[in-house]
Every structure is written in C-alpha cells, then in structure tokens.
Amino acid sequence: MSELSSSPPLLQVDDLIVRYPVKKGLLQPRKHVHAVNGVSFTVRRGETLALVGESGCGKTTVGRSIMRLVRPSSGAIRVDGIDVASLSRRQLKPYRRKIQMVFQDPYASLNPRMTAGEIIGEPLGNFGIAHGADRESRIMSLLERVGLGRSHFHRYPHEFSGGQRQRLGIARALAVEPSLIVGDEPLSALDVSVQAQIVNLLDHLQQEFGLSYLFIAHDLAVVQQISHRVAVMYLGRIVEIGETADIFRAPIHPYTQALLAAVPLPDPRKRRTIEPLRGEVPSPISPPSGCAFHPRCPLAEDRCRREVPRAQEFQAGHFAACHVMARNNQYAALQPVTA
Amino acid sequence: MIPSSPTLPLSEPDTVLEVRDLQVQFETIDGVAPVLEGLSYKLHAGETLAIVGESGCGKTIGALSLLRLAPSPPARITGGAILLNGRDILTLPEEDMRGIRGNDIAMIFQEPMTALNPVLTIGHQIVEPLMLHKRLSRAAAWERAVEMLRLVEIPEPERRVKEYPHQLSGGMRQRAMIAMALACGPKVLVADEPTTALDVTIQAQILALMADLKRRIGTAILLITHDLAVVAQTADRVVVMYAGRVVEDASVFELFENPRHPYTRGLLASIPKLSDGNERQKLEGIPGSVPPVGARPPGCTFAPRCTLAIDACRQSVPALDSVSPTHKVACWAVMDKTSKKELERAIV
Ligand SMILES: Nc1ncnc2c1ncn2[C@@H]1O[C@H](COP(=O)(O)OP(=O)(O)OP(=O)(O)O)[C@@H](O)[C@H]1O
Ligand SMILES: Nc1ncnc2c1ncn2[C@@H]1O[C@H](COP(=O)(O)OP(=O)(O)OP(=O)(O)O)[C@@H](O)[C@H]1O
Ligand code: SF4
Ligand SMILES: [Mg+2]
Ligand SMILES: [Mg+2]
C-alpha cells in the first residue's frame with residue numbers, strides 16, 4: 001500500500017506471521033494456531049490507526065509482536081525504517097522507550113508489589129529521564145492527568161478499581177514520552193465520562209507532540225471518534241483498511257458490514273435483535289480454505305472457497321480483500337496497471 | 001411527563017435479591033474510609049437491573065459483597081442487609097455461603113485473569129462447580145463444559161476445554177468465565193463488565209444467551225457496565241451510582257428519556273455515538289473527577305462538580321426520593337424544582 005510522504009512511516013508492519021505451537025498427541029503431526037497470517041500496515045507520525053475485529057482474530061498478538069513480546073514466525077516490523085528484529089540487546093533500549101503498550105488485562109500487567117508511584121516511576125528510572133523531586137512531581141502530574149489524583153500515589157494495584165488500574169497503565173505508558181503507544185483495549189474499563197477525558201488527553205498529546213497510536217478496540221463509536229484510519233481483521237488477516245470516514249460510510253468487506261450492523265444503539269426505544277453471524281467461529285488451527293470468511297459470508301461463491309482474495313484498492317487509500325466486491329469495483333478499473 | 005414502561009408488569013414480581021442500606025468501609029493503617037454508604041436496590045425474578053456509575057464509585061465492591069467476596073481486610077461490611085429470597089446472607093455461616101456461590105448467585109468477574117486459575121485448564125474450572133452443585137458425574141460435567149464453551153462461541157470447544165487461560169485471547173478468557181458462571185443455571189447472575197473484551201457480534205450473542213437464561217429459568221441479572229448502549233438494549237431498570245451511593249433509580253425508558261440527576265445527565269451526554277458524517281464529535285465528559293474514597297465531601301458527593309448545586313447540597317446528603325412510581329432520584333436541586341412546581345400547580 002502506497003505511502004505518500006518520502007520519510008519512512010513511524011511503524012511499518014510487513015507480512016507479519018505469528019504461529020503458536022499447539023500441544024500435540026503422540027504420533028500426531030505438529031499443529032499451530034495461525035494467530036496472525038500475513039498482516040501489513042503502517043502507522044504514520046501523529047496518526048491513530050485503529051485495529052478492530054472478532055475476538056480471537058489476532059489483534060493482541062500483533063500488538064505484542066510490535067513490543068517484541070512474541071517472536072514472529074516471519075515478516076518484518078520496522079520502526080523509523082529499522083527492522084527491530086535486527087536490534088541487539090543494547091540497541092533495543094531506545095526502541096523500548098519509543099514504543100509503549102497499554103495491556104488488555106491491566107491487573108496482570110502491573111507488578112502487584114509496587115505502588116502506583118513506583119509503577120509509573122520505574123520506566124522513568126530505567127531510562128534515566130527524571131530524578132528525585134522532579135520524578136515525583138512528574139508522577140503526580142501523570143496521575144492527575146488520568147484522573148487519579150495524588151491520594152493514589154502510595155496505593156498498590158489491588159487497591160484500585162478496574163478502571164483505575166487501566167488508567168494507571170495509561171499513565172505508565174505516557175511517562176517516558178513515547179513516539180507510539182500500542183493501546184490494547186485501553187479504554188474498555190472506563191465509564192463514558194472518564195473515557196471522554198482520557199480521549200481528550202490522548203488527542204491533546206497527539207496535537208502537541210505528534211504522538212502516534214495503534215488502538216485496538218471493540219467500541220466502534222470510540223474508534224470512529226479517535227482514529228484517522230481503521231484496519232479490520234478477521235482470523236489473522238486484515239480484510240479491510242482505510243480512512244475512518246470511508247470505512248464507516250461505505251464499508252466494503254462483508255465482515256466489516258456485519259460488524260457495523262451489530263453496533264448496539266444507546267436508545268431503549270430502538271431495541272433490535274442483532275442477526276448473529278451465521279455459522280461457527282472458524283478455527284485458527286485449520287483456517288477455512290480460500291477466503292477465511294466464506295463459511296459465514298452471505299455473498300460467498302465458488303471462487304471464495306478456493307482462492308485467498310487479495311487486497312484491492314476501492315477508493316484512494318481504501319483497500320479490501322473480497323472476490324465478489326472486487327468484481328464490482330469501479331475504482332480499480334480506472335487505475336493504470338502497474339507492475 | 002412520565003413515559004410508559006411496557007416491560008414492567010403492574011404487580012411487583014418476586015424480589016429475588018434485595019440490598020438494603022449496605023455499608024462497607026475500608027479499614028487500613030491510614031484509617032477508616034467508607035466505600036459504600038447506604039447502597040439499596042431490589043432485583044426481581046427475570047429482570048435485568050443495570051448498575052452504572054463513574055469508575056471507582058463502588059460497583060465492584062458492591063457486587064463482591066453479594067457473595068461476601070470483598071477483600072477483607074481491608075473491606076468490612078458494617079451495616080445493612082443482603083436478602084436472598086428473604087434470607088439475610090450476611091448472617092449465614094461461611095459454609096452455607098459456599099453452597100450459594102456459583103449455584104444461587106453466580107458472578108462474572110470484571111477481570112478474567114484475576115478470577116481464572118492460571119494453572120488449571122479452562123475445562124477443569126467449569127467442571128468443578130457442576131460436580132459440586134449439580135452432582136454431575138465427571139464425564140457428564142466435561143460434556144456440559146464443552147457445550148457451554150460452544151454456546152459462548154469459542155471455536156473448537158473440544159480442544160479449548162483442555163487449554164490453560166494464557167493460551168486464550170482476552171475475549172475468549174472472558175467468555176470462558178461467562179461459561180463458568182452460566183453453567184449451573186444460577187437464580188441470580190452478577191455480571192461485572194461481562195462484554196468489555198468482546199466485539200459487537202459476539203457481544204450480541206452473549207447478551208442473547210443471558211436473555212435466554214432469563215426467559216427459561218427466570219434468572220435475575222445484575223449487569224454492571226459502562227456500555228450505555230448495552231444498558232439501553234438489555235436492561236429493564238437502571239441504578240446510577242456515584243461515590244458509594246445510589247443517585248438515581250429508574251426504568252430504562254425514564255432514565256434515557258428523562259434523566260434527572262445532574263450526574264446521570266452528564267453521563268448520558270458523554271456517550272460517543274456512531275455518526276454518518278465525517279466530522280469527529282468532541283466529547284467533554286464531566287469536568288473534575290470522582291472524589292477518592294476517604295476524601296468525600298459532606299452533603300451530596302457530586303456537589304463539587306455540579307453546576308446546579310445549591311447551599312443545601314453542600315450541607316446534607318439528599319435522600320432517594322420518588323419523582324414517579326418507577327423513578328427515584330437523590331438531588332436537592334431536582335427536589336427543589338419539583339416541590340416548587342408542585343406548589344405552583346397547587347396555587348393555580
Ligand atoms: N483493597 C482496597 N483498598 C483500598 N481501596 C480500595 C480497595 N479496593 C478498591 N478500593 C477503592 O474503592 C473504590 C471502589 O472500588 P470498586 O472496584 O468497587 O469501583 P468500581 O465502581 O467497580 O470502578 P470501575 O468502574 O473502575 O471498575 C475505588 O475508589 C477504589 O480505589
Ligand atoms: N500464548 C499463546 N499460546 C497459544 N495460543 C495463543 C497464545 N496467545 C494467543 N493464542 C491464540 O492466538 C489467537 C489470537 O489471539 P489474540 O490474543 O491475538 O486475539 P485478539 O484478537 O487479541 O482477541 P481478543 O479480542 O479476544 O482479545 C487465539 O486463537 C488465541 O487462542
Ligand atoms: S471473498 Fe467471498 S467469502 Fe470472502 S468476503 Fe468476499 S464474498 Fe464473502
Ligand atoms: Mg486481545
Ligand atoms: Mg469495577
């Protein structure tokens with residue numbers, strides 16, 4: 001997918017494949033969970049890319065690969081044009097500062113033996129960013145910015161509510177002034193009012209410091225509000241990617257359409273039964289042939305069962321991978337053929 | 001104007017669970033701090049009651065108290081009653097509680113990783129309560145566990161049932177816990193943020209599953225959630241909490257169409273909505289933040305952030321008062337207006 005600017009994007013993920021081995025029985029062939037099956041995307045400086053998709057489709061695995069917390073089976077992850085797999089232990093340190101993650105499960109990701117102040121202060125110490133009174137005042141100000149206040153400084157994670165822990169994770173990620181934050185459902189435990197405050201804070205930091213976000217989320221109303229572009233994943237692959245407005249106004253892939261149709265409305269007079277996707281959620285160990293969505297797709301035809309659809313551009317910057325939709329694609333027909 | 005509420009029958013259905021003036025405090029070396037200061041609500045058979053409120057206001061502590069699982073120390077229940085079918089469970093011996101947990105009252109915990117045992121397989125954890133409460137044989141219980149995982153849309157349940165929590169995605173762990181809670185067919189299901197890790201299609205499926213339980217065996221559901229769309233779609237009644245107290249209690253229609261408490265209004269105004277246009281809507285949230293436990297102001301705890309606050313608000317705590325047969329609110333300013341309007345009407 002084309003990049004307009006000449007400088008390399010902040011983050012470039014290229015054909016990422018991640019497999020987890022599955023425990024096998026005696027005499028059984030070795031099997032794998034194909035968690036991520038060839039994912040490519042970029043995040044530019046100052047950009048927010050949202051990653052959405054069915055539970056279990058591989059979003060967290062993408063995030064953890066970027067953090068070097070899981071080893072990809074193949075593919076490349078480049079930050080400022082540098083392949084992070086090639087970095088030595090020493091070279092890794094500045095990289096780790098540049099990219100921070102807010103974890104999906106806040107409790108499991110916070111050291112239970114450290115106070116909130118120590119948790120936020122630790123990365124400041126590790127990277128030698130601030131010392132003594134300076135460090136303390138920074139921690140206090142971070143706590144306040146995420147709506148926690150000074151009284152939480154000496155508290156341990158188990159003394160926080162779910163949403164408070166999540167905000168602690170956000171404060172820790174912000175502490176070292178990273179260039180990119182990988183947020184794995186970072187707002188899911190917040191009520192809408194606190195959520196609005198945090199969204200405004202993240203927005204403000206983006207305006208001021210050009211911070212980038214890779215934002216994994218299920219709440220599509222929030223996604224629409226905060227992201228510039230959206231990538232939709234299904235069973236280890238990106239099936240659609242494009243500008244937020246385009247995705248929401250004219251979703252192309254049948255899975256994206258099903259997803260948007262299932263968004264519940266905050267109005268008790270507009271209750272409706274949401275048609276569930278028919279068929280079973282497919283197995284990532286033996287993914288369906290061809291288009292992985294075909295067993296559940298209302299449009300599926302023969303070709304979908306045989307051939308993996310490739311991403312096609314439907315509008316400038318709006319790509320989707322679907323055989324049937326591609327056939328009716330006017331835009332592609334107009335584009336000059338390139339090698 | 002009182003909107004009609006078609007789902008509420010005229011006669012009051014059976015109250016399965018009643019929380020009456022529940023008081024919980026934290027006792028630490030720093031001192032004693034109240035968390036819940038008089039939480040009261042009723043839950044009827046076959047009803048979904050949603051509890052919403054600002055992060056940190058005491059929803060989880062209140063839910064854990066129903067099972068007597070609030071971490072103690074530091075939490076201590078200092079007053080009130082929790083009546084399960086009329087029986088105060090706060091006075092029961094611990095042994096009786098074990099029979100209630102997972103069987104009469106089941107809970108979906110807010111953070112799956114804290115509730116699931118990392119060294120036991122998912123299946124093992126679903127099977128255990130089935131054997132204990134339902135006296136199923138091991139084989140039958142395993143069969144049921146696989147069936148439950150299938151119902152919560154976990155692919156290849158036969159294999160997943162043998163996996164450990166860390167091998168599952170965040171949303172699968174949440175669904176495994178839901179499977180565990182639903183397995184025994186509880187009379188009361190306490191669901192603390194049950195769908196936060198789920199995409200909207202699977203969320204819809206899970207909510208349908210809970211509705212089915214309600215229809216089939218009359219399970220009463222206490223749904224704690226930040227997702228106001230889920231509340232609008234599934235709840236019969238809504239309790240709004242702020243800093244350890246109930247500030248509003250209304251039928252779902254009255255709450256969305258005629259919210260009275262200034263906090264509820266602020267909350268509803270903060271809902272991000274899908275728009276068809278491309279302009280990004282800016283959400284403000286409610287300025288300020290909820291006071292920490294131990295530093296709550298006297299009077300109405302919302303007063304420091306409230307634009308309607310009058311003197312009375314800073315002096316004494318407003319009581320939960322009826323503004324309609326199915327709508328109660330605790331706010332001096334609202335009550336002030338109502339009484340004024342009533343006075344005007346009386347004079348005319
Ligand atoms: N063990 C503890 N010791 C001291 N304070 C605690 C402890 N556990 C919780 N708290 C405090 O009690 C208050 C209520 O917590 P609770 O978990 O019930 O909030 P909640 O309404 O569920 O919030 P959320 O929506 O963020 O999950 C919070 O302000 C929290 O900081
Ligand atoms: N450590 C692991 N070992 C084995 N399998 C794993 C491991 N971590 C994840 N998986 C599997 O990889 C697949 C993708 O998981 P991942 O956590 O990336 O999904 P996700 O998109 O983040 O889902 P959710 O929205 O539910 O959090 C799932 O099938 C999951 O069971
Ligand atoms: S490629 Fe075929 S099966 Fe896949 S989404 Fe398109 S129509 Fe459906
Ligand atoms: Mg995940
Ligand atoms: Mg909670």
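User: I'm looking at ligand 1. Which residues are the closest around it?

Analyst: To read a binding site, start with the shell of residues around the molecule. Here, in this predicted model, ligand 1 is surrounded by 20 residues, and the closest are A:Ser161, A:Gly163, A:Gln164, B:Ser55 and B:Thr60.

User: Where does ligand 1 lie with respect to the chains?

Analyst: Ligand 1 sits between chains A and B.

User: How do I read the polar contacts, and which atoms of A:Gly163, A:Gln164 and B:Thr60 are involved?

Analyst: Check whether the protein atom belongs to the backbone or to a side chain. For A:Gly163, a backbone N or O atom is 2.7 Å from an oxygen atom of ligand 1. With A:Gln164, a polar side-chain atom lies 2.7 Å from an oxygen of the ligand. B:Thr60 also uses a polar side-chain atom, 2.7 Å from a ligand 1 oxygen.

User: How much of ligand 1 does the protein cover?

Analyst: On its own, ligand 1 has 640 Å² of accessible area, and the protein covers 96% of that. Two elements give two or more residues each to the shell: α6 (162–175) of chain A and α1 of chain B.

User: And how many shell residues are nonpolar, polar or charged?

Analyst: Around ligand 1, the count is six nonpolar, 11 polar and three charged.

User: Now the metals. Which protein atoms are donors to the magnesium ion, ligand 4?

Analyst: For a metal, look for the donor atoms and then ask where they come from in the chain. Ligand 4 has A:Thr60 (OG1) and A:Gln104 (OE1) as its protein donors, 1.9 to 2.3 Å away. They join distant parts of chain A: A:Thr60 is in helix α1 (residues 59–66), while A:Gln104 is in the loop between β6 (99–102) and α3 (106–109), 44 residues apart.

User: Are those two donors buried or exposed?

Analyst: A:Thr60 counts as partly exposed because its relative accessibility is 24%. A:Gln104 is buried, with a relative accessible area of 18%, and the cut-off for buried is under 20%.

User: What coordinates the other magnesium ion, ligand 5?

Analyst: Read that site with the same steps. B:Thr60 (OG1) and B:Gln110 (OE1) coordinate ligand 5 at 2.0 to 2.2 Å. Again the pair links distant parts of the chain, 50 residues apart: B:Thr60 belongs to helix α1 (residues 59–66) of chain B, and B:Gln110 to the loop between β6 (105–108) and α3 (112–115) of chain B. B:Thr60 is partly exposed at 24% relative accessibility, whereas B:Gln110 is buried at 15%.

Methods. Residues numbered from 1 in each chain as written. Chains lettered and ligands numbered in written order. Predicted model: local features only at pLDDT ≥ 70, side-chain atom pairs only at ≥ 80, totals over all residues. Heavy atoms only, no water. Donors = N, O, S within 2.8 Å, 3.2 Å for Na, K, Ca; no water. Helix = DSSP H or I, 4+ residues; strand = E, 2+ residues; numbered from the N terminus. Buried < 20%, exposed > 50% of the residue type's maximum accessible area, 1.4 Å probe, protein only. Near = heavy atom within 4 Å. Polar contact = N/O pair within 3.5 Å; in protein donor to acceptor, adjacent residues only side chain to side chain. Areas by Shrake-Rupley, 256 points an atom, 1.4 Å probe, with all protein chains shown as cover. Nonpolar A, V, L, I, M, F, W, Y, C, P; charged D, E, K, R; others polar.
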